[in-house]
Amino acid sequence: MTAGPTREAIDPARFISNPSTGKMGYALAAEALARGADVTLISGPTHLMPPAGVNLVRVTSADEMFRAALNQASGVDLVLKTAAVADYRPEQRARSKIKKEALRRRSVRSRGGDGTISMRMVPTPDILEEVGRRKKPGQVLVGFAAETGDLAANALKKLRRKNLDMVVANRIGAAGEGFESDTNRAIAVDRHGKHTELPLMSKSDMARAILDLAERLFEERPGRRAGA
Ligand code: C5P
């Protein structure tokens, strides 16, 4: 599982990130542990206590999360990617803190002294898409999507593009949902195109509901003995 935000450094004192707290991912890790799974949690910076018994891998940037996730992914049955990964990072990370005066001088040169500065950003690797590309037979991949637009349509597009088995989509910007909240409301769309409404509930209840759905998809894998 991946959880939390990533931080993309500008210099040692500044970074670009997002409001993800990691609560949904940590709740899923706790629930999977309670069901007897061996859980590796690849976590961006959060203030949360990792659940007892989890194999915790701490990372900071999207590049680090990419390497950690690819290291782990080939050997697992279920991949859940709740992390809010930055899509872009600054092209260059300054080794020492960039001084305001230096920024001003630069802006004077590059922008004719209007006080603005610009920074080149480059795309980060899409971790889930790469894990999807390398998916082993029988592996179940679950992605998450924070959307402001048409939840179900965007979830299905993401599922196909990233070769996933299920996408859990929640609306950001609504009270009690998504980032920073203790509760969540979502739609799960699976590889058969089936939609399941997950009404407003605590993130631990939602973790239970998501793992119930993921387990069902896992049980469909070819050659699996009933009850095994
Ligand atoms: O395309 P979008 O970023 O909305 O997809 C969200 C899903 O993809 C989440 O499960 C997120 O953890 C994953 N993701 C990723 N690597 C990225 C961007 C998103 O694994 N660089």
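Helices, here DSSP runs of H or I of at least four residues, and strands, runs of E of at least two, are numbered from the N terminus. These element names are used below to describe the ligand site and the pockets of the structure, which is a predicted model.

The ligand is surrounded by 14 residues, and the closest of these are Lys-81, Ala-83, Leu-128, Phe-144 and Lys-158. When the shell around the ligand is divided by class, six residues are nonpolar, two are polar and six are charged. Three elements, namely α4 (127–133), β9 (140–147) and α5 (151–161), each contribute at least two residues to this shell.

Contacts between polar atoms involve both the backbone and a side chain of the protein. A nitrogen atom of the ligand lies 2.9 Å from a backbone N or O atom of Pro-125, and a polar backbone atom of Ile-127 is found 3.0 Å from a nitrogen atom of the ligand. On the side-chain part, an N or O atom of Lys-162 is placed 3.0 Å from an oxygen atom of the ligand. Of the 450 Å² of accessible area that the ligand has on its own, 88% is covered by the protein.

The space that the ligand takes is the largest pocket of the model, and this pocket holds about 850 Å³ of space. Its lining is made up of 40 residues, with Ala-83, Ala-84, Val-85, Phe-144 and Ala-146 lying nearest the centre of the pocket. Two or more lining residues are given by each of α1 (23–34), α4, β9, α5 and β10 (166–171), and among these elements β9 gives the most, with four residues. By class, the lining of the largest pocket comprises 18 nonpolar, 13 polar and nine charged residues.

The second largest pocket contains about 640 Å³ of space. A total of 27 residues line this second largest pocket, and those that lie nearest its centre are Ala-37, Asp-38, Asp-77, Leu-78 and Val-79. The elements β4 (40–43), α2 (62–73), β6 (78–81) and α6 (203–219) each provide at least two residues of the lining, and the largest share, amounting to five residues, comes from α6. The lining of the second largest pocket divides by class into 15 nonpolar, five polar and seven charged residues.

Taken with the ligand shell, the pocket lining shows recurring elements and residues: α4, β9 and α5 each supply at least two residues of the shell, and α4, β9 and α5 are also among the elements that give two or more residues to the lining of the largest pocket. Phe-144 is likewise one of the residues closest to the ligand and one of those nearest the centre of the largest pocket.

Definitions and conventions: Residues are numbered from 1 along each chain as its sequence is written. This is a predicted model: local features need pLDDT of at least 70, side-chain atom pairs count only at pLDDT 80 or more; totals for chains, interfaces and linings use all residues. Side-chain values use heavy atoms; hydrogens and water are left out. A residue is near a molecule or strand if one of its heavy atoms lies within 4 Å of it. A polar contact is a pair of N or O atoms within 3.5 Å; within protein, one must be able to donate a hydrogen and the other to accept it, and residues adjacent in sequence count only if both atoms are side-chain atoms. Accessible areas come from the Shrake-Rupley method with a 1.4 Å probe; for residues, only the protein chains shown count as cover. On a 1 Å grid over the protein atoms alone, a cavity is a set of points where a 1.4 Å probe fits but cannot get out, and a pocket is an open set with protein on both sides within 12 Å along at least five of seven lines; lining residues have an atom within 4 Å of a point. A molecule sits in a cavity or pocket if more than half of its atoms lie within 2 Å of its grid points. Ala, Val, Leu, Ile, Met, Phe, Trp, Tyr, Cys and Pro count as nonpolar, Asp, Glu, Lys and Arg as charged, and the others, Gly among them, as polar. Grid points are joined across faces, edges and corners, and a volume is the space filled by probe spheres set on the points.
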